[in-house]
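Hi,

Here is the structure I promised to pass on. Have a look at it first, and my notes come right after.

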Amino acid sequence: MIDNPYSSFDIKGKVALVVGATGAFGSVAARTYAGAGCKVALTGGNKSELEKISDEISKTGCENLLINERPSSEKECQKIVNATVKKFAHIDILVVASGINKVSKVDEMSPDTFSTVMDVNVTQSWLMAREVIKQMKNQGDGGK
């Protein structure tokens, strides 16, 4: 039996990398992790929105890093991970909240649009996870 089961959920002092921090889900994740006592790396393509979120969570005492990049390629993912590790020395938590939504009927969506949606929502998420997993393995203490 665990004496204090809630200690398993304590993430104070951990480093959370939030990819897509300017979107609806990403901004909530960034604020939530900041409120839980994490250091937060914020990424996204909209610099002014990143600055707003960074300013907001900074006021709560959250140490954070603004990275105006999207995970659009392996190189960009490496830049995001390297910047986070340079600032915080490690990554404990990855949240991939970036993506696009182009709703249409199957027979009305062009193959180019479908490819773009799949690239942003699937391939880029995979690239980001792949890069962070490398870092987490090198750290030797895991992550989520």
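Below is what I found when I went through it, from the whole chain down to one helix.

One thing to keep in mind before you start: this is a predicted model.

**The whole chain**

The protein has 4 helices and 4 strands. If you walk along the sequence, they come in the pattern β-α-β-α-β-α-β-α. The C-alpha trace spans about 55 × 30 × 30 Å along its principal axes. Of the 144 residues, 34% are buried. I also looked at contacts between residues at least 6 apart in sequence: 62% of these join residues that are at least 24 apart.

**The sheet**

The strands make an open sheet of 4, in the order β3-β2-β1-β4, and the pairing is parallel. At the edges sit β3 and β4 (93-96), each of which pairs on one side only. Ignoring direction, neighbouring strands in this sheet are turned by 15° against each other on average. Helix α4 packs on the sheet, where α4 touches β1 and β4. The direction of α4 makes about 175° with that of β4.

β2 is a good strand to click on. It is mostly covered, with 4 of its 5 residues buried. Towards β1, β2 is joined by 5 bridges, and the two strands run parallel. One pair to look for there is Leu17 with its bridge partner Ala41 in β2. Towards β3 there are 4 bridges, again with β2 and β3 running parallel. In that pairing, Thr43 stands opposite Ile67 in β3.

The connections on both sides of β2 are worth tracing too. β1, helix α1 (residues 24-35) and β2 form a right-handed β-α-β unit. β2 then goes on through helix α2 (residues 47-58) to β3, and these three also make a right-handed β-α-β unit.

**Helix α3**

This is the helix I spent some time on. How far apart should the ends of α3 (residues 74-88) be? With 15 residues at 1.5 Å a residue, the helix should span 21 Å, and its end C-alpha atoms are indeed 21 Å apart, so the two values agree.

Which residues of α3 are buried? They are Glu76, Cys77, Ile80, Val81, Thr84 and Phe88. These cover an arc of only 135° around the axis, so they lie on the same side of α3. Lys75, Asn82 and Lys86 are exposed, on the other side of the helix.

And what do the buried residues of α3 pack against? Their partners are three strands and a helix: β1 (15-19), β2 (39-43), β3 (64-67) and α4 (111-139). Just after α3 comes Ala89, which has a positive phi, near 75°.

If you open the model yourself, I'd begin with β2 and its bridges to β1 and β3, and then turn to α3 to compare its buried residues with the exposed ones on the other side.

Cheers

Definitions and conventions: Residues numbered from 1 in each chain as written. Predicted model: local features only at pLDDT ≥ 70, side-chain atom pairs only at ≥ 80, totals over all residues. Heavy atoms only, no water. Expected span 1.5 Å × (residues − 1). Buried < 20%, exposed > 50% of the residue type's maximum accessible area, 1.4 Å probe, protein only. Arc of directions from axis to C-beta. Contact = heavy atoms within 4.5 Å. Pairing = 2+ DSSP bridges. Right-handed = clockwise from strand over helix to strand, strands pointing away. Axes fitted to C-alpha atoms, helices over the stretch in contact; angles between N-to-C directions.
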